[in-house]
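Trainee: Could you take me closely through the open and enclosed spaces of this model, beginning with the lining of the largest pocket? I would like one connected account.

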Amino acid sequence: MITQAFVLGAGLGTRLRPLTEELPKPLLPIFQKPLITFALDHLIALGVRRFVINTHHLAGHFQALFSEGSYRDRPVQLVHEPDLLETGGGIKNAEPWLKDAPFIVYSGDLLTDLNIETLIDEHMRRGNDVTLGLRRTGLAAGVVLKGERIVEITRGSGPTENFDYANVSVWNPNVFGKIPAAQKISFIPILVDWIRQGGRIGGVALEEGNWFNIGSRMEYLEVHRTLKSTQWKPSYVAEVDWPRAIAPSAIIAPDARIEGCSVIGEECRVETGALVRDTIVWPGAQIASRSDLRACIVRSRKRVEGTHHNADF
């Protein structure tokens, strides 16, 4: 069992602007549940007992979410990066909290139910230094797997038998000696050099299960539609009432219409005669009377009126 995890929370989420001008990407709500908490729930189900999370963009929101210094009674250590260090630099920066034992690295913006037990078992059984979860996602095949070993990692597309990194992996603490301190660096060149030096860098194809990449506003809307249409709920999710389409504290006029795959957050107000269809409304927002919103995203505490399609506020 691996009992500690490094969860990546420091990304900028530039392709999701303007949504990420309000919240860091890992905190975007999915049916009113912060995205990063899916990762934490998944890891808790695997036996993880403490978390290290790196932050950079809008770090105060992480402080608010984890104001007690814990999540579900497991300690959470936030490590702020004033200058973004990327994945390799972020791992090195977390060394003081992770240096004594193997750890899982898990992207805080990942929504999946991959069988990570298989990844952990392979890592331990093979005696690997690092084991990457791999998947054919159609985004950027660049990891060449021969048997159980990764023999090459390239940037961009490669042979069709190549895999993509599935954003979850297992690391031994000897990695810290391979990464320069206080340097912005991806873990990719670190692993490339380690492979050349004979490091035991393994990979496991994790093709079953769901894996959602939320890289654009359309993908953000689509993941809600997919979850609703398939009624998918990962077994590890802690909240029995998730997914939540309409928050109990929302105030909706009797003649307002909430249609399709719409989500109305906490303390929202939807006024008389409004139509909200396939639209995500974050907490505290207001939809004015007789407004018509379709495929929109309304951020927290915004007030919207009029007719709008495929717009963000």
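Mentor: In this predicted model, the lining of the largest pocket divides into 17 nonpolar, 16 polar and seven charged residues. The space that these residues surround comes to about 1,400 Å³, and of the 40 lining residues, those closest to the centre of the pocket are Thr87, Ser107, Asp109, Tyr165 and Asn167. As for secondary structure, at least two lining residues are supplied by each of helix H3 (86-93), strand S12 (164-171), helix H6 (187-196) and strand S14 (211-212), and the largest share, three residues, comes from S12.

The second largest pocket holds about 340 Å³ of space, and its lining divides into six nonpolar, three polar and three charged residues. Glu22, Leu23, Leu27, Pro29, Gln32, Pro34, His61 and Leu65 belong to that lining, together with Glu266, Pro283, Ser300 and Arg301.

Turning from pockets to enclosed space, the structure holds one cavity of 30 Å³ or more, and the volume of the largest cavity is about 30 Å³. Its lining is made up of Pro29, Gln32, Val263, Gly265, Ile280, Val281, Trp282 and Pro283, a set that divides into six nonpolar and two polar residues, with no charged ones. Pro29, Gln32 and Pro283 thus appear in the lining of the largest cavity and also in that of the second largest pocket, whereas Val263 is listed for the cavity and Arg301 for the pocket.

Conventions: Residues are numbered from 1 along each chain as its sequence is written. This is a predicted model: local features need pLDDT of at least 70, side-chain atom pairs count only at pLDDT 80 or more; totals for chains, interfaces and linings use all residues. Side-chain values use heavy atoms; hydrogens and water are left out. On a 1 Å grid over the protein atoms alone, a cavity is a set of points where a 1.4 Å probe fits but cannot get out, and a pocket is an open set with protein on both sides within 12 Å along at least five of seven lines; lining residues have an atom within 4 Å of a point. Grid points are joined across faces, edges and corners, and a volume is the space filled by probe spheres set on the points. Ala, Val, Leu, Ile, Met, Phe, Trp, Tyr, Cys and Pro count as nonpolar, Asp, Glu, Lys and Arg as charged, and the others, Gly among them, as polar. Helices (H or I, at least four residues) and strands (E, at least two) are DSSP runs, numbered from the N terminus.
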